[in-house]
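Open the model in a viewer and keep the selection tool at hand. The stops below say what to select and what is there.

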Amino acid sequence: MASVLITGGSRGIGAAAARLFAEDGYHVAINYCRSRERAEALVRELQEKHYSAAAFRADVSDREQVERMVEDTARAFGGVDVLVNNGGIAQQKLFTDISGEEWDRMFAVNMKGMFHCCQCVLPYMLRRQKGAIINLSSIWGIAGASCEVHYSASKAAVIGFTRALAKEEGPSGITVNCVAPGVVDTEMNANLTPADLEALREETPLGRIGKAEEIAQAILFLAGDRARFITGQVISPNGGIVI
């Protein structure tokens, strides 16, 4: 049975992905940083359905914590076959008001966390000459967003990282792809006002906000055998708001 490690897996897109991977027969390692109760509740939910799941705490910006998380995952499930780099933070703020600390924290979690996780997981994939890495970006990493310059920049970096790593790891049978969601109904967007959400709905050709499960379906597809000839790509489930 293959195993998947999902960072930021206790809620939103990460939790939706955990459920889908479990249903598809994977061992599921759910990473969390602060949401211990939610992560453990999700594990119980999956185990009650006789799925294989466990929760592991780590701040992905901390190398030692990531190393420990990956080792624990490999010990529990025999390795890591799929890595979903979903853990991330967001902030809305005028560019002129962003502090150096806020800028650094955004990149430490959204970009350096991905660097840590990939470096720690790749040895397991290289030994098997097979694996899949799916990195979560955003439409704002493609198009940019006002009042989210540091977030947009970090998510644009994810895209460049994905394309470069795909070229490097392709000869080893490892695919590296990126999912860049549009506006999705998750807690990360809970700070948007009803007026903001309505404006985004109107701007989206499909006329609605996305669901976490729809993004998770794209992640699951890219992890599977049907996507073995897809690498270095950016898949953007966004309802047509960015084309």
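Select leucine 122 in helix α4; note that this is a predicted model. Is leucine 122 buried or exposed? The relative accessibility of leucine 122 is 9%, so the residue counts as buried, the limit being under 20%. Now add threonine 186 and draw a C-alpha to C-alpha distance: leucine 122 and threonine 186 are 30 Å apart in space, with their positions 64 residues apart in sequence.

Stay in helix α4, which covers residues 100-128, and select tryptophan 103 and phenylalanine 107. These two are four residues apart, about one turn of the helix. Tryptophan 103 is partly exposed at 31% relative accessibility, and phenylalanine 107 is also partly exposed, with a relative accessible area of 23%. Keep their rings on screen for the next stop.

How many aromatic pairs does the model contain? The count is two. In one of them, phenylalanine 21 and tyrosine 26 sit edge-to-face, with 4.8 Å from centre to centre and 85° between the planes. The other selection to compare is tryptophan 103 with phenylalanine 107: their ring centres are 5.2 Å apart and their planes are at 25°, so this pair is stacked. The cut-off behind that label is planes under 30 degrees apart. Go back to phenylalanine 21 and tyrosine 26 and colour by accessibility: both residues are buried.

Next, show arginine 63 together with phenylalanine 115. Arginine 63 lies over the face of the phenylalanine 115 ring, 5.7 Å from the ring centre.

Turn to the enclosed space. How many cavities of 30 Å³ or more does a search of the whole structure find? There is one, and the volume of this largest cavity is about 50 Å³. To see its wall, select Thr7, Val60, Asn85, Asn86, Gly87, Val109, Asn110, Gly113, Met114 and Cys117. Which element gives the most to this lining? Helix α4 does, with five residues. By class, the lining of the largest cavity holds six polar and four nonpolar residues, and no charged ones.

For an open site, move to the second largest pocket, which holds about 180 Å³ of space. Its lining can be selected as Ala2, Tyr26, Asp81, Val82, Arg128, Lys130, Gly131, Ala132, Ala223, Gly224, Asp225 and Arg228. Here the classes come to five charged, five nonpolar and two polar residues. Tyrosine 26, from the edge-to-face pair, is one of the lining residues.

Another lining residue of the second largest pocket is aspartate 225. Centre on aspartate 225 in the loop between α8 (212-223) and β7 (234-235). At 58% relative accessibility, aspartate 225 counts as exposed. A C-alpha to C-alpha line from aspartate 225 to alanine 164 spans 22 Å, and the two are 61 residues apart in sequence.

Now pick glutamate 168 in helix α6. Glutamate 168 is exposed, with a relative accessible area of 59%. From its C-alpha atom to that of glutamate 71, 97 residues apart along the chain, the separation is 24 Å.

Select histidine 27 in strand β2, residues 27-32. Is histidine 27 buried or exposed? Histidine 27 counts as buried, at 18% relative accessibility. Show the side chain of serine 52 as well: the side chains of histidine 27 and serine 52 make a polar contact at 2.6 Å.

The last stops concern backbone angles. Most residues other than glycine have a negative phi. Glutamine 129, not a glycine, has a positive phi of about 55°. Glutamine 129 is in the loop between α4 and β5 (131-136), and at 45% relative accessibility this residue counts as partly exposed.

Finish on cysteine 147, in the loop between α5 (139-143) and α6 (149-169). What is the phi of cysteine 147? The angle is positive, about 65°, although the residue is not a glycine. Cysteine 147 is partly exposed, with a relative accessible area of 30%.

Notes. Residues numbered from 1 in each chain as written. Predicted model: local features only at pLDDT ≥ 70, side-chain atom pairs only at ≥ 80, totals over all residues. Heavy atoms only, no water. Phe/Tyr/Trp six-rings, centres within 6.5 Å; stacked < 30°, edge-to-face > 60°. Buried < 20%, exposed > 50% of the residue type's maximum accessible area, 1.4 Å probe, protein only. Lys NZ or Arg CZ within 6 Å of the ring centre and 35° of its normal. 1 Å grid on protein atoms, 1.4 Å probe; cavity = no way out; pocket = protein on both sides within 12 Å on 5 of 7 lines; lining within 4 Å. Points joined across faces, edges and corners; volume = space filled by probe spheres on them. Nonpolar A, V, L, I, M, F, W, Y, C, P; charged D, E, K, R; others polar. Polar contact = N/O pair within 3.5 Å; in protein donor to acceptor, adjacent residues only side chain to side chain.
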